[in-house]
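Got your viewer open? Let's take a walk through this protein, one selection at a time.

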Amino acid sequence: GATAVLTTGVSPASYALESPRPNPFRAQTTIQFDVPVRERATVSIVDVSGRIVKRVASGELVPGRYRRDWDGRDEAGRRVASGVYFVRLEAGSFAATRKMTRLR
């Protein structure tokens, strides 16, 4: 999917995955992450069992700081249940996970 790039032409010093904000959230949360080199990357929302609920970014990304909003819906557009979820950034050999809580 399309990913909003906040800064282009600026290479972050390293990979980073910020904690989603707000957290906990009801309607929507914002995920911000940095990619320092051109890299194939995936940002996924996973449930506590490790199942991918939604991919919010996937593909080759240019260096920059990215921001994606997640509206609490799965790949089929259904609202997910309240509870704990994780956002996971995977790019090359880098991986990071942050916890978030969805409220009804």
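Begin with Asp 71. With a relative accessible area of 31%, Asp 71 counts as partly exposed, because that value lies between the 20% cut-off for buried and the 50% cut-off for exposed. Keep in mind as you click around that this is a predicted model. Asp 71 sits in the loop between E6 and E7.

Now show what surrounds Asp 71. Setting aside residues up to four places away in sequence, Asp 71 touches Ala 27, Gln 28 and Arg 79. Pick Gln 28 from that group and look at the C-alpha atoms: Asp 71 and Gln 28 are 43 residues apart in sequence, yet 4.3 Å apart in space.

**Stay in the loop: Asp 74**

Move along to Asp 74, found in the loop between strand E6 (64–70) and strand E7 (83–91). Is Asp 74 buried or exposed? Its relative accessibility is 12%, so Asp 74 counts as buried, under the 20% cut-off. Which residues is Asp 74 in contact with, leaving aside its neighbours within four places in sequence? Highlight Val 53, Lys 54 and Val 80 to see them.

**Step back into strand E6**

Select residues 64–70, which make up strand E6. In a regular strand, side chains alternate between the two faces of the sheet. Try two colours here. Give one to Gly 64, Tyr 66, Arg 68 and Trp 70, on the covered face of E6. Give the other to Arg 65, Arg 67 and Asp 69, on the uncovered face.

Zoom in on Arg 65, which belongs to strand E6. Arg 65 is partly exposed, with a relative accessible area of 29%. Next, find Asp 34: the C-alpha atoms of Arg 65 and Asp 34 are 4.4 Å apart in space, although 31 residues separate the two in sequence.

**Over to strand E3 and its partner**

Add residues 29–35, strand E3, to your selection. How many bridges join E3 to E6? There are 7, and the two strands run antiparallel. To see one pairing, select Val 35, which stands opposite Gly 64 in E6.

**Two prolines to click on**

Walk back to the loop between strand E2 (16–17) and E3, where you'll find Pro 22. Show the backbone here: the peptide bond from Arg 21 to Pro 22 is cis, with omega near -5°. Pro 24 is in the loop between E2 and E3 too. A cis peptide bond joins Asn 23 and Pro 24, this one with an omega of about 5°.

**The E4–E5 hairpin**

Now select residues 39–47 for strand E4 and residues 52–61 for strand E5. These two run antiparallel, with 8 bridges joining them. Ala 41 is a handy spot to look across from, since you'll see Gly 59 of E5 opposite. Follow the chain round the turn: E4 and E5 form a hairpin with 4 residues between them. Stop at Gly 50 in that turn, which has a positive phi of about 90°.

Go back into strand E4 and click Ile 45. Where does Ile 45 fall, buried or exposed? At 0% relative accessibility, Ile 45 counts as buried. Bring up its surroundings, leaving aside neighbours within four places in sequence, and you get a long list to click through. Among the contacts of Ile 45 are Ile 31, Val 56, Trp 70, Tyr 85, Phe 86, Val 87 and Met 100. Pause on Tyr 85: it is 40 residues from Ile 45 along the chain, and their C-alpha atoms are separated by 6.8 Å.

**Zoom out**

Last stop: display the whole chain as a cartoon. You should be able to count 8 strands and 0 helices. The radius of gyration is 13 Å, close to the 13 Å that the globule rule gives for 104 residues, so the chain is as compact as a globular protein of that length. Turn the C-alpha trace around and you'll see it span about 40 × 20 × 20 Å along its principal axes.

Colour by burial next: buried residues make up 37% of the 104 residues. If you switch on the surface, its accessible area comes to about 5,700 Å², with 47% belonging to carbon and sulfur atoms. For contacts with a separation of 6 or more, 57% are between residues 24 or more positions apart. Finally, colour by charge: the mean positions of the 18 positive and 10 negative charges are 6 Å apart.

Note on methods:
Residues are numbered from 1 along each chain as its sequence is written. This is a predicted model: local features need pLDDT of at least 70, side-chain atom pairs count only at pLDDT 80 or more; totals for chains, interfaces and linings use all residues. Side-chain values use heavy atoms; hydrogens and water are left out. The radius of gyration is taken over C-alpha atoms; the globule rule is 2.2 Å times the number of residues to the power 0.38. Buried means under 20% relative accessible area, exposed over 50%, partly exposed in between (1.4 Å probe, protein chains only). Contact means heavy atoms within 4.5 Å. Accessible areas come from the Shrake-Rupley method with a 1.4 Å probe; for residues, only the protein chains shown count as cover. Lys and Arg count as positive and Asp and Glu as negative; His and the chain ends are not counted. The place of a charge is taken as NZ of Lys, CZ of Arg, CG of Asp or CD of Glu. Two strands pair if DSSP finds at least two bridges between them.
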